[in-house]
Amino acid sequence: MRKVERGEIKDLVAYEKAREAMRARVIEVKKDRRVALGPNLTLLFENRDTVLFQIQEMVRTERIVDDAKIQEEVDVYNALVPDHGELSATLFIEIPELVRMSQDKVRETVNRFQGLDLDSVFLQVDGLRVPARFESGHSKEEKMAAVHYVRFALPETARAALGATAADVRVVVEHPHYRAEAALAAETRRSLREDLAD
């Protein structure tokens, strides 16, 4: 999949004019790419459209006008664009009752997911397990992050099976403190096949 280029990023005025239409379109794209994994985890499969929108929103929020700083944002977020034969996703740890918790309780609740990046998350395609490869550098942290970036490097057999209507495709979480799985809807699979075709 082609990476986002600096020339595609609109300046603040141009983006403000186009923002509502772009936002509405990306909300539709994300609808088919979001997978709930029980009450506390959500996986959002990323693609070029979601990344471009994220960059534009960061430039808007931070009021970035310097070309070098915009390029930095492009470089950082391009890491979310999947490479050939891969799927890329953002994994969110979500605690719905967060607003009613003390800081210590929040930390304790999020930290129960420590080790999630150690072979606990899989994309399962007709029984073949493809482990999530987490962004490096977080497994030894004392405090668990609530957002993680993951990749699934799919072998050819898994890519082919993803396109078969009868295939069983699901995301599985097997962690000592959290277990969940979700079958991917037909719309999600169609969207992911498009990613793999790029």
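**Sheet architecture and pocket linings**

The lining of the largest pocket comprises seven nonpolar, one polar and three charged residues. In this predicted model, the space within the largest pocket amounts to about 200 Å³. Its lining is made up of Val76, Tyr77, Ala79, Leu80, Ser88, Arg133, Phe134, Glu135, Tyr149, Val150 and Arg151. Helix 3 (67–77), strand 6 and strand 7 are the elements that contribute two or more residues to this lining. The greatest contribution is that of strand 7, which supplies three residues.

The second largest pocket holds about 160 Å³ of space. Lys30, Leu44, Glu46, Thr50, Gln54, Tyr77, Leu80, Thr90, Phe92, Val147 and Tyr149 form its lining. At least two of these residues come from each of strand 2, helix 2 (48–62), strand 3 and strand 7. By residue class, the lining of the second largest pocket divides into six nonpolar, three polar and two charged residues. Tyr77, Leu80 and Tyr149 appear in the lining of the largest pocket and also in that of the second largest pocket.

Several of the strands that supply lining residues belong to an open sheet. Five strands make up this sheet, arranged in the order 1-2-3-7-6 with antiparallel pairing. Strand 1 (34–37) and strand 6 (133–134) occupy the edges and have a single partner strand each, so one side of each remains without a neighbour in the sheet. Within the sheet, strand 3 (residues 86–93) and strand 7 (residues 147–153) run antiparallel and are joined by seven bridges. In this pairing, Ala89 is positioned opposite Val150 of strand 7; Val150 is also one of the residues lining the largest pocket. Helix 6 (residues 186–197) lies across strand 1, strand 2 (41–46) and strand 3, and its direction makes an angle of about 130° with that of strand 3.

A further antiparallel pairing involves strand 4 (residues 121–125) and strand 5 (residues 128–131), which are joined by four bridges. Here Gln124 faces Arg129 of strand 5. Strand 4 and strand 5 form a hairpin with two residues between the strands, in which Asp126 adopts a positive phi near 50°.

How values were computed. Residues are numbered from 1 along each chain as its sequence is written. This is a predicted model: local features need pLDDT of at least 70, side-chain atom pairs count only at pLDDT 80 or more; totals for chains, interfaces and linings use all residues. Side-chain values use heavy atoms; hydrogens and water are left out. Two strands pair if DSSP finds at least two bridges between them. Contact means heavy atoms within 4.5 Å. Axes are lines fitted to C-alpha atoms, for helices over the stretch in contact, and angles run from 0 to 180 degrees between N-to-C directions. On a 1 Å grid over the protein atoms alone, a cavity is a set of points where a 1.4 Å probe fits but cannot get out, and a pocket is an open set with protein on both sides within 12 Å along at least five of seven lines; lining residues have an atom within 4 Å of a point. Grid points are joined across faces, edges and corners, and a volume is the space filled by probe spheres set on the points. Ala, Val, Leu, Ile, Met, Phe, Trp, Tyr, Cys and Pro count as nonpolar, Asp, Glu, Lys and Arg as charged, and the others, Gly among them, as polar.
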